[in-house]
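Have a look at the model below. We'll begin at the ligand and then walk out to the sheet and its helices.

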Amino acid sequence: MTRPEVPAREGLELRKRYTPADLGVFTPDEARRYVSPGDGDPRTNVVLAWELLYRLEPKLYDRLASVERLHPGVVGWLPRHVDRIAEVGAGTGRLTMELIGRARRVVAVEPAMPLRRILTRKLAGAEHGTRARVRHGFFDQLPLPDDYADLVVACSAFTPTAGHGGESGLAEMERACRPGGSVVIIWPNRTDWLTARGYQYVCFPGPMSVAFGSYHEAVELTGIFYPRAAGEVRRRGLRTVPFEVLGINPPCDLAFKVLPR
Ligand SMILES: C[S@@+](CC[C@H](N)C(=O)[O-])C[C@H]1O[C@@H](n2cnc3c(N)ncnc32)[C@H](O)[C@@H]1O
């Protein structure tokens with residue numbers, strides 16, 4: 001998923017899908033956050049390639065996120081009965097769909113318009129879907145008043161880099177969270193960065209796999225997103241692929257802070 005600070009070979013196949021000519025899809029606000037001077041080539045910048053994926057091939061991204069399920073311990077850890085939840089970087093709703101039964105109001109903030117569209121469609125067909133509002137925004141510019149939510153959460157979206165959160169994004173999430181409420185970062189990529197800022201880390205044990213819809217889907221999606229695992233998937237005829245084979249840490253952890261009252 002979003003993986004800044006990755007080895008240079010990471011995302012090889014994903015990076016091949018896009019070129020600098022695709023950068024025109026970004027709005028000026030997006031380009032300012034995602035495209036650094038001298039580092040604007042998705043063929044070498046995997047973070048940029050992910051952002052292009054969300055905008056140019058949102059259904060492909062949704063197929064991946066739909067099978068990469070969160071650890072039940074992570075979902076179970078979240079509060080069950082609160083008034084308001086704000087989710088930032090909601091994507092196509094992997095977490096949002098778990099949140100709508102837990103609050104009177106859920107605001108799902110997502111910058112990428114094609115992902116907002118998919119999420120809006122999913123919510124329209126879901127029980128409790130009317131409790132959610134899908135809004136445009138960024139970590140560092142949330143469309144929310146101070147102290148808005150009991151829970152402000154991001155899943156596989158926040159990183160310490162400025163374009164994907166950073167200091168100003170974390171401060172903004174805390175601003176939108178009420179005193180006594182919780183800010184939660186699910187599947188964090190840098191726990192040390194968060195613990196240095198007063199966050200506590202929780203990890204749920206047990207093996208985890210990605211259950212693709214079919215063997216053919218496993219071959220196709222690992223070929224694009226986890227090319228180093230694709231050979232083993234083919235060799236072993238796998239439809240359900242352990243995270244160790246994919247070569248990434250599973251979505252089994254979170255970092256949280258309860259804000260002082
Ligand atoms: C890997 S996806 C995760 C989506 C969803 N939370 C999930 O778990 O499936 C990362 C998400 O972060 C969003 N994102 C990227 N930069 C962002 C920013 N600066 N502010 C808020 N969201 C951002 C992307 O548009 C994308 O939806």
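An oxygen atom of the ligand sits 3.1 Å from an N or O atom in the side chain of tyrosine 61, a polar contact (a pair of N or O atoms within 3.5 Å). This is a predicted model, where local features need pLDDT of at least 70 and side-chain atom pairs pLDDT 80 or more, while totals for chains, interfaces and linings use all residues. Residues are numbered from 1 along each chain as its sequence is written, and side-chain values use heavy atoms, leaving out hydrogens and water.

Backbone atoms join in too: a polar one of cysteine 155 is 2.8 Å from a ligand nitrogen, and a backbone N or O atom of glycine 163 lies 2.7 Å from a nitrogen atom of the ligand. Alone, the ligand exposes 590 Å², and the protein buries 100% of that (Shrake-Rupley areas, 1.4 Å probe).

Now for the sheet. It is open, with 7 strands in the order 3-2-1-4-5-9-6 and mixed pairing. Strands here are DSSP E runs of at least two residues, and helices are H or I runs of at least four, numbered from the N terminus; pairing takes at least two DSSP bridges. Strand 3 (132-135) and strand 6 (200-203) are at the edges with a single partner strand each, so one side of each has no neighbour in the sheet. Strand 6 pairs with strand 9 (residues 253-258) in the antiparallel sense over 4 bridges, and valine 202 stands opposite leucine 254 in strand 9.

Helix 8 (residues 166-175) packs on the sheet, touching strands 1, 4, 5 and 9 (contact: heavy atoms within 4.5 Å).

Technical notes: Axes are lines fitted to C-alpha atoms, for helices over the stretch in contact, and angles run from 0 to 180 degrees between N-to-C directions. A polar contact is a pair of N or O atoms within 3.5 Å; within protein, one must be able to donate a hydrogen and the other to accept it, and residues adjacent in sequence count only if both atoms are side-chain atoms.
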